[in-house]
Amino acid sequence: MHRVVPPAPHVELRGISKQFGGVRALRSVSLQIRAGTVHALVGENGAGKSTLGKVISGVLAPDSGEMQLSGTPVAFRSPRHALEHGVATIAQELAIVPELTAAENVFLGAEPRRAGYVRRRDLSERYHALCEHVGFAVPAHQLAGRLRTADQQKLEILRAVARDAALIIMDEPSAALTREETLHLHEAICSLRARGCTVVLVSHFLREVLELADAITVLRDGAVVRTSLASEESESTLIEAMLGRSLDGTFPPKSPPGADAPVRLAVEWLSAPGVRDATFAVRAGEIVGLAGLVGAGRSELVHAIVGARRAHAGSVAIDGRRATRRSPRRMLREGVVMIPESRKEQGLLLERSVAENTALSTLASLSRLGLVRAGRERKVVTEVLAKVAVRPARPEAPAGALSGGNQQKLLFARALLCQPAVLIADEPTRGVDVGARRSIYDLVVELAGQGLGVLLVSSDVEEVLGLSHRVLVMRGGEIVRELDGMVATEHEVLEAAFTARGVS
Amino acid sequence: MSLIDLQEPASPVPSRRLGLARSRLRGLVDVRRGGILLPFVALFIALSATSGPFLTKANLLNIVDQQASTLIPAAAATLVLVSGGIDLSIGAVYGLAGVTAAHLALVTNPVIAWVAGVGVGLLVGLVNGFVATVARINALIATLATSYVVSGISSLATGGNIITDFNRHSFNDLAGTSLFTVRTSTWVTLVVVVVLAFLLARSTLGRYMYAAGGNAEAARLAGVRVHKVQIIAFALSGTAAALGGVIDTSRVLSAQSSSGADLAFTVLAGVVVGGTSILGGVGSVWRSVVGVLFIALIGNGFDLLGLDPLYEQISLGVLLILAVGLDAWTRLRRA
């Protein structure tokens, strides 16, 4: 491709906004990305960096605002349309076909062919030329599924370059890589830049960002905090800039348990896939927050506690009784109930009624001789739904017809019926609008007030701090910091969560 | 493990549009729920009007009685589909049960023969259940495999011959006697269907079946023993298929290993035409009954009206596509 550095920036965004339901994901974002640079987008979970990347790459259409590509206004309808304009994305989930060779993957859908047959020699010649151009060395005839993750990513990059992409958006490219692979990826990014490619890098790893990027844009709560040269930033200035999300929900007052409150949940040296040596306790009336970045192992830890994920070491005790051979069912009997992270995939039977969903975990107690006592079920369900304020409380409506907030409350209702000793809530306000959020907070606090031990997993630092009496921060599968929820600051939580892996 | 930003809202659709989509969805679901009844009633009326002998007690009772060995397995197969599995071994089990019962009837008390025949089905059903759940082998393949094994065993046992019980008249009692002018096999069918319908709709176990088939992960996390529930469904399906085989053997007083060859497909066709989803979590026994009878009515109509039976198969095929298509379409609209 022949490109001279254009007078206009490669990408210019003006007043881009995007809303999902009641949540404003992007608020009038304006941004310039210069050609031939690595431009990083950083921010905490939910700050809008991935959403912004998706807007640029055509995955999401903005609600308002304008985007210009090299001075020309564009409105991408799809990633394919964006690719026609030279904009490609390397997503977190790689799109390679494991059973095809490296070269075949790169030219997938654009193979040199004659009469419907792929011209293999052409294919491999082009592949080698391309590798040389970009400076990669991935064996052409190796099956893609046998390659290391970093090499698979290189195939995606090669694919983008083969389609004349001048702008490549990478969403958390190093999240799934080993340290050595990360170094390979960094070299690849540098060689792309050396060849005039523009790279937009969405990353959690501040050290990586500082090392690679020319410019950094910090996002907070869907808005741009600032864009600056990487040379002018440091880890601590970046963290400072991410702080202070605007308060869009107020929290009920905290009342921590007395020092003599008994321990309800005790976890000792628990290890499972994605979790190492987790040790902590939750006392009666206490809300313990579990913070950390996406992928830090929080959900894995709670799944290991309730036995939904096999643990290979460690112990869990409820009210002093050690729970061995855990499964979700046994832990329910022990008094531990978990509200899972994903309502639709792990929580609800969307086709079935609200009543059925609510009663699911306690159906045996609502039955006699194996038959559900319909009248009793209806009475119990109606009562508990009123308690958690599901509106409209029509027990016969399908659960799939409820709003996100009401679905979440339904899961709280199901949990309440179990009369638990310990409540684990994984991302209880994810995708829930502001109004419903507050009533979920009230519920959590009320339950703790009744003497339950509450373990709250949340990606929203403000939420964790607003509710928790104590905060545990996870990183890389381990609990790396314990903070006093009464005095801890966002800065402390983010610092513990963000401190980069030992790259370079 | 999810690496996606957790703050991304789950449903990025403005609530007003969602509301509209929802009300439209509810309409569709209702169409599917009641769906099969309308064409059934229409066909029933059409046949009553065009064919004199159709609307007679003898013909109608005859239809139901002939369908006994389809209705009983269909009722149980509904439980398997609802709980997220599928059972292709119905026909093979039907054959083995018939052969077993016919064999034993030659040497012992007919009641023992009946019970043993049904017991064989329970056994195969349990095996199916374990293979499809604990061993984590896809139910379609698992039951296809057991159907080959079971057919093979029946062929071995009979040496490929027909077993006849023509001189064992008491063996015929299960299908041949009448109670209040209705054959016992019809009564048995009625009891089985009502019990299974009640089980699925009203019992704790039935609820768990819907949960296991609708969202296995959610059910597991909510404390449902998904595997146990599915194993019970498979066991019931095996038992019901065997009961069908024993009833038919008792009716004709002979059995051969190949007699149930097409039964699994006939049963599944009836269940699916009734509106039970092959994807699990949706369905009911009464719908399967209507589905099976609907297909039987088509056959009966072709007979009574003297139409070419070749068209019967074609219309059944089209019907199946329509039924599955409607299911897929409603799911698509929901997503």
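Me: How do the domains of chain A get their bounds?
Reply: Domain bounds come from an automatic or database domain assignment. For chain A, that assignment gives domain 1 (11-242), domain 2 (247-335 + 422-432 + 449-504) and domain 3 (347-419).

Me: What kind of model is this, and how are things numbered?
Reply: This is a predicted model, where local features need pLDDT of at least 70, side-chain atom pairs count only at pLDDT 80 or more, and totals for chains, interfaces and linings use all residues. Residues are numbered from 1 along each chain as its sequence is written, while chains are lettered from A and ligands numbered from 1 in the order in which they are written.

Me: How many Å separate the centres of domain 1 and domain 3 of chain A?
Reply: The separation is 44 Å, with the centres taken over C-alpha atoms.

Me: Which strands form the open, mixed sheet of chain A?
Reply: Six strands do, in the order 6-9-10-3-11-12. Strands are DSSP runs of E, at least two residues; helices are runs of H or I, at least four residues; both are numbered from the N terminus. Two strands pair if DSSP finds at least two bridges between them.

Me: Which strands stand at the edges there?
Reply: Strand 6 (87-90) and strand 12 (223-229) of chain A. Each has a single partner strand, so one side of each is left without a neighbour in the sheet. Neighbouring strands of this sheet are turned by 20 degrees against each other on average, direction ignored.

Me: How many bridges join strand 11 to strand 12 in chain A?
Reply: Six, and the two strands run antiparallel. Strand 11 covers residues 215-220. Opposite A:Ala223 of strand 12 stands A:Arg220.

Me: Which strands does helix 5 of chain A lie across?
Reply: Helix 5 (residues 149-162) lies across strand 6 and strand 9 (167-171) of chain A. Helix 5 runs at about 170 degrees to strand 6. Axes are lines fitted to C-alpha atoms, for helices over the stretch in contact, and angles run from 0 to 180 degrees between N-to-C directions. Helix 6 (residues 179-194) of chain A packs on the sheet too, touching strand 3 (38-42), strand 9 and strand 10 (198-202). Its direction makes about 145 degrees with that of strand 10.

Me: New topic. How many residues does each chain give to the contact?
Reply: Chain A gives 46 residues and chain B gives 32 residues. Two residues are in contact if their C-beta atoms, placed from the backbone, lie within 7 Å.

Me: Which element of chain A has the largest share of the side that touches chain B?
Reply: Helix 11 of chain A, with five residues. By class, that side of chain A has 17 nonpolar, 17 polar and twelve charged residues. Here Ala, Val, Leu, Ile, Met, Phe, Trp, Tyr, Cys and Pro count as nonpolar, Asp, Glu, Lys and Arg as charged, and the others, Gly among them, as polar.

Me: And chain B, how many helices and strands are there?
Reply: There are 15 helices and four strands in chain B. Of its 335 residues, 48% are buried. A residue is buried if 20 or more other C-beta atoms lie within 10 Å of its own, exposed if 12 or fewer, and partly exposed in between, with C-beta atoms placed from the backbone.

Me: How many residues of helix 2 of chain B are buried?
Reply: Zero of its 14, so helix 2 of chain B lies largely in the open.

Me: Is B:Asn161 buried or exposed?
Reply: B:Asn161 counts as exposed, because it has 11 C-beta neighbours inside 10 Å. B:Asn161 sits in the loop between helix 7 (139-158) and strand 1 (163-164) of chain B.

Me: Back to chain A. What is the phi of A:Trp269?
Reply: A:Trp269 has a positive phi of about 45 degrees, although it is not a glycine. Most residues other than glycine have a negative phi. A:Trp269 is found in strand 13 (residues 263-272) of chain A. With 12 C-beta neighbours inside 10 Å, A:Trp269 counts as exposed.

Me: Where does A:Glu427 lie?
Reply: In the loop between strand 21 (422-426) and helix 15 (434-449) of chain A. Phi of A:Glu427 is positive, near 50 degrees. A:Glu427 counts as buried, with 23 C-beta neighbours inside 10 Å.
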